[in-house]
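Grab a pencil and have a look at the protein below. Try each exercise yourself before you read the worked solution.

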Amino acid sequence: MSQVCSVCGEPLDPDHWSRCFFCGGCFHMPWSVNVKTRQCGSYMLHQQSCGLVFVCSLCEARLSAGTDQPNQPNTSSGT
Ligand SMILES: [Zn+2]
Ligand SMILES: [Zn+2]
């Protein structure tokens, strides 16, 4: 694997990474507390998909800011 983290730009650990639900980018996600991999994201409960989804730090910041809803289809009811 030669992918890099979409958050920090460093090479991903082949065993400890996840894909962001919103932007689709891969990021560092340690799957064990004993792993010294940095964590560049988190997971959250997604109500629309009724399950846990992973979200990178970038999207997480956007979501917490509440200013932008990533990957959300705009229901434009205007003319
Ligand atoms: Zn990273
Ligand atoms: Zn993301």
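Here are five exercises on this predicted model, each with its solution.

**Exercise 1. Work out which secondary structure elements the protein chain has, and in what order they run from the N terminus.**

Solution. Start with the count: the protein chain has one helix and four strands. Next, walk along from the N terminus, and you meet β-β-β-β-α. As for confidence, the mean pLDDT of the protein chain is 85, and 81% of its residues reach 70 or more. Among the elements, S2 has the highest confidence, at 97, while S3 has the lowest, at a mean of 90.

**Exercise 2. Describe how strands S3 and S4 pair, and find the partners in S4 of methionine 44 and leucine 45.**

Solution. First locate the two strands: S3 covers residues 41-46 and S4 covers residues 51-56. They pair in the antiparallel sense, over six bridges. Now look at single partners. Methionine 44 is bridged to valine 53 in S4, and leucine 45 is bridged to leucine 52. Finally, check the link: S3 and S4 form a hairpin, with four residues between them. In that turn sits cysteine 50, with a positive phi of about 55 degrees.

**Exercise 3. Decide whether leucine 52 is buried or exposed, and list its contacts beyond four places in sequence.**

Solution. Begin with where it lives: leucine 52 is in strand S4. Then count neighbours. Leucine 52 has 10 other C-beta atoms within 10 Å, so it is exposed; the cut-off for that label is 12 or fewer. Setting aside residues within four places in sequence, leucine 52 contacts Tyr43 and Leu45. One more distance to try: leucine 52 and phenylalanine 21 are 31 residues apart along the chain, and their C-alpha atoms are separated by 9.6 Å.

**Exercise 4. Do the same job for serine 57: which element holds it, and how exposed is it?**

Solution. Serine 57 belongs to helix H1, which spans residues 57-65. With 18 other C-beta atoms within 10 Å, serine 57 counts as partly exposed, because "buried" would need 20 or more. Leaving out residues up to four places away in sequence, serine 57 touches Val7, Cys40 and Gly41. If you go from serine 57 to tyrosine 43, you cover 14 residues in sequence and 9.8 Å in space, C-alpha to C-alpha.

**Exercise 5. Find the largest nonpolar core and say which element gives the most to it.**

Solution. Take the whole chain first: of its 79 residues, 23% count as buried. Now pick out the core. The largest nonpolar core has 14 residues, and those with the most contacts inside it are Cys5, Cys20, Phe27, Val55 and Cys56. The elements that give two or more residues to this core are S2 (26-28) and S4. S4 gives the most, with three residues. To finish, zoom in on phenylalanine 27: beyond four places in sequence, its contacts include Cys5, Trp17, Cys20, Cys40 and Cys56.

Terms used
Residues are numbered from 1 along each chain as its sequence is written. Chains are lettered from A and ligands numbered from 1 in the order in which they are written. This is a predicted model: local features need pLDDT of at least 70, side-chain atom pairs count only at pLDDT 80 or more; totals for chains, interfaces and linings use all residues. Two strands pair if DSSP finds at least two bridges between them. Two residues are in contact if their C-beta atoms, placed from the backbone, lie within 7 Å. A nonpolar core is a set of buried Ala, Val, Leu, Ile, Met, Phe, Trp, Tyr and Cys residues joined through C-beta atoms within 7 Å. pLDDT is the predictor's confidence in each residue, from 0 to 100.
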